[in-house]
Every structure is written in C-alpha cells, then in structure tokens.
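Hello,

Here is the structure I promised to pass on to you. Please open it first and keep it beside you while you read my notes below.

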Amino acid sequence: MKPFRIYPSERTTFKDRVSGVTIHKLTQYLGHSIHPYFTNNGWYDNNQKMLFTSHRGNVSNLHSIDIVSGEISQLTDMPGYGKPASFSNHVNPVRNETYYWHNNCAYAIDLHTLETRPLWVAPRGFTTGSLISGADGKYVYTYLNEDVSDRVYTNLTAGYIGMRELFLARPKTKIIRISTEGYGAEVVWEEDCWANHVNPSYTQPNIITFAHEGPWELVEHRIWVLDVDAGKAYKLRERRVEGEKIGHEYWHLDGIHVGYQVHKPDGHSYFGFIKYDGTGEIEAPAVRYPGPDHIHSNDFNLVVSDSGKTIKLYRYNGTGFDGPRILCMHDGSFHFGFAHPHPRFTPDGRNVVFNSDASGYCNIYMAEIPEDFY
C-alpha cells in the first residue's frame, strides 16, 4: 500500500554558528515533528528510514523520513477529532512493524504494507505508556498507570506540573507483555508505585528495565531490572550518598549495558555504564549540574547530552570523560515534553538526531559528528 501522503524533501543544511559542524534540518512543516525518543529504535530499511510523529494538518500521524533523499511519507491517516493516537516511533527488530495506541487499543502497523491489526484493549481506569518490542520480536512491552486524575491534577508535559503529587499518590502500576502474534496479553509485574519507562534489552529477550518515577530527590530507587521469565525485579545502581539523583537510563546497542546519569550533591553530574546484572560498573564525573541534560550513547566511547542550549559530546578515555565539546547549538526552550532535544546517536554513530523548537515549531535536526573529537 502506498503512503497516505508523500512530502518532498524539507531538508536544509547549514553550518552551526559556534562549532561549524554540518547540521541538517530534516523537517520544516509549520506543525510539530518529533523524532524517536532516545530510548526507542526508530530506524528500519537498513537504517535508511526513520520514524517520527508529526502534527501536520492539525492531526497527529506516524511518518517516516528517508535519511538519504529527505522524502517524507505519511504512514497513518488518523481522524482529526477525538483523542489523538499515541505513537512509540519504535521498530520491532524481527517483524517489520511498529505500534501505537488509539482509543485505548494497541495496534500494530506493517511498515511496508501499512496494514494495521489490533493487538489488545487496555482496561478502563488506567493511562497507557509507550509500546516497545522485545529482542525476539514476540512481545510488545508497556505499562499501565492507575488513573488518579479525579484527585490529582497533572500536566507533565508542561514543566512536570503535578509530578510530586502524582508520586505521593502511589498509583498502581502494571507492566504488560502483549503478544505480537495475537495471543493476548499478560501482567508481568505490578506494584502500588508510580512506574514507567519500560525498556526491553536490545539482545536479551527476557530482560527489561523500568523506572520508579517522581522527583528524583524523592524517589527511593530509580532503575529496576525485571527478569520477565523469572518474574523477579531487582535494583540497578542503588543510591550511595544522601541527595544523589539517578536517572536518564537507556540501553547500549549490545543490550548488556545500561547507561545512566547521577547528579551528586557536590554539584557534578556523573555518567555511568553498568551491566544489567549489576557488575562491571564504570562511572566518572562529566559536567556540572543543574541544567536540563538528557544523555545517550551507543556504547562506552561517546556520550551526547543537551544541557543548556547546546548539544555536547563527551569521550570516554578509559578512566574518565574528555570534554565536553560543543557539537552544535540546539537553542531549544524545554518548555514542553517533546520540545526537549533528547539527542541520540544514529545506529552507525556518525550523527546525532535531536528535536528543537528554536524556529517556533518543534522540528528534527541531524548533526554530523567530526572525525576529530577536538
């Protein structure tokens, strides 16, 4: 099936005003476009295409962009009324499909034929989370949070309004495993605690991480590993000093190591890598805190962050981090959730993709990484 609409390339290329690095602005539409979240793998067709969500025509739809030609394809055709669909922008590593929520139903969509099929309907009384597939492609993982909107007002995309109150309400959370082959769904973990950020390992089918959410200084322990087959969860990188704030966890491409960030009471942020079994930890100071600073890396070698108005790179030298070096300016506002730059490396590690609302609407940018770190 052909895409519902094809847009010609919107790509413009320029040199960053500070670093001189080559930047490609991939989208130009007068409506928000959002790249895959830094924990989600949105690439397919041999990494030549990338999924993204765009609000073109005042409707939220799934799109893809050809990284070489810049051509944009609209992959869904949602109605312009009712609750908008929620797209995960994550590609199943085995099945050529991605997943989304619409009217409380989880759907799969084939990225070549664009055929969709319903997978599972979430129960009433819960809000839904992203749909991320596991390493073997057999299951999609998500979470359900008890809907406490009748007693707690939140607007988390607008500066995390209500985050503390939601944390204190301790809503029931269910982590769900949904079959991609039509066999229904099952609860693999539940507790009376606000939890989210469910992220399966890229290579270990039975291993996922999830997070206890809330203000970092109040959360007793942030990063958890769940062995789905055993039904057991355990802590990863426990707090060691009073006042430590831990988060921004993500998987390396090897599916073995988890990257994360620690804000120390001494005013410094540390970057860390650790195996999912809790061994092999590497941790070193990187940048001063505070400041919005999401991080990502494909491996140990190079870390990217978005603190302040810049996209920064940090190189691991065996004992600590060289840098930071300014890759480019993002000039974003951080005023609402998807306007956070959330930089992430492309699978080949040659570019960094990020969001920015510097032009008024949120658009997608790709910065080329110089061969010489310095």
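Thr 310 stands opposite Met 329 in strand E29. Please bear in mind that this is a predicted model. The pair belongs to the contact between E28 and E29, which run antiparallel and are joined by six bridges.

Let's widen the view to the sheet around that pair. The order of its four strands is E26-E27-E28-E29; the sheet is open and the pairing is antiparallel. E26 and E29 (321-329) are the edge strands, each with a single partner, so one side of each has no neighbour in the sheet. As general background, strands of a sheet pair through backbone hydrogen bonds, either parallel or antiparallel.

Now try following Val 304 across the sheet. In E28 (residues 310-316), E27 has an antiparallel partner, with four bridges between the two, and there Leu 313 is the bridge partner of Val 304. Towards E26 (residues 295-296), E27 pairs over two bridges, again in the antiparallel sense, and His 296 is the residue opposite Val 304.

The connections are worth tracing too. Five residues make the hairpin link from E26 to E27. Between E27 and E28 the hairpin has four residues, and Gly 308 in that turn has a positive phi of about 65 degrees.

Which way do the side chains of E27 point? Leu 302 and Val 304 point one way, Val 303 and Ser 305 the other way, and all are buried. That fits a general pattern: in a regular strand the side chains alternate between the two faces of the sheet.

Next come a few backbone oddities. Most residues other than glycine have a negative phi, and most peptide bonds are trans. Gly 323 and Pro 324, however, are joined by a cis peptide bond, with omega of about 5 degrees, and Pro 324 lies in E29. Asp 45 has a positive phi near 50 degrees and sits in the loop between strands E5 and E6. Arg 237 has a positive phi as well, of about 55 degrees, and belongs to the loop between E21 and E22. Are these two buried or exposed? Asp 45 is partly exposed, at 29% relative accessible area, whereas Arg 237 counts as buried at 4%.

Finally, have a look at the second largest pocket, with its volume of about 250 Å³. Its lining has 17 residues, and those nearest the centre are Asn 41, His 90, Pro 93, Tyr 202 and Leu 253. Strands E14 (132-133) and E18 (195-200) each give two or more residues to this lining. By type, the lining residues are nine nonpolar, seven polar and one charged.

Enjoy exploring!

Methods:
Residues are numbered from 1 along each chain as its sequence is written. This is a predicted model: local features need pLDDT of at least 70, side-chain atom pairs count only at pLDDT 80 or more; totals for chains, interfaces and linings use all residues. Side-chain values use heavy atoms; hydrogens and water are left out. On a 1 Å grid over the protein atoms alone, a cavity is a set of points where a 1.4 Å probe fits but cannot get out, and a pocket is an open set with protein on both sides within 12 Å along at least five of seven lines; lining residues have an atom within 4 Å of a point. Grid points are joined across faces, edges and corners, and a volume is the space filled by probe spheres set on the points. Ala, Val, Leu, Ile, Met, Phe, Trp, Tyr, Cys and Pro count as nonpolar, Asp, Glu, Lys and Arg as charged, and the others, Gly among them, as polar. Buried means under 20% relative accessible area, exposed over 50%, partly exposed in between (1.4 Å probe, protein chains only). Two strands pair if DSSP finds at least two bridges between them.
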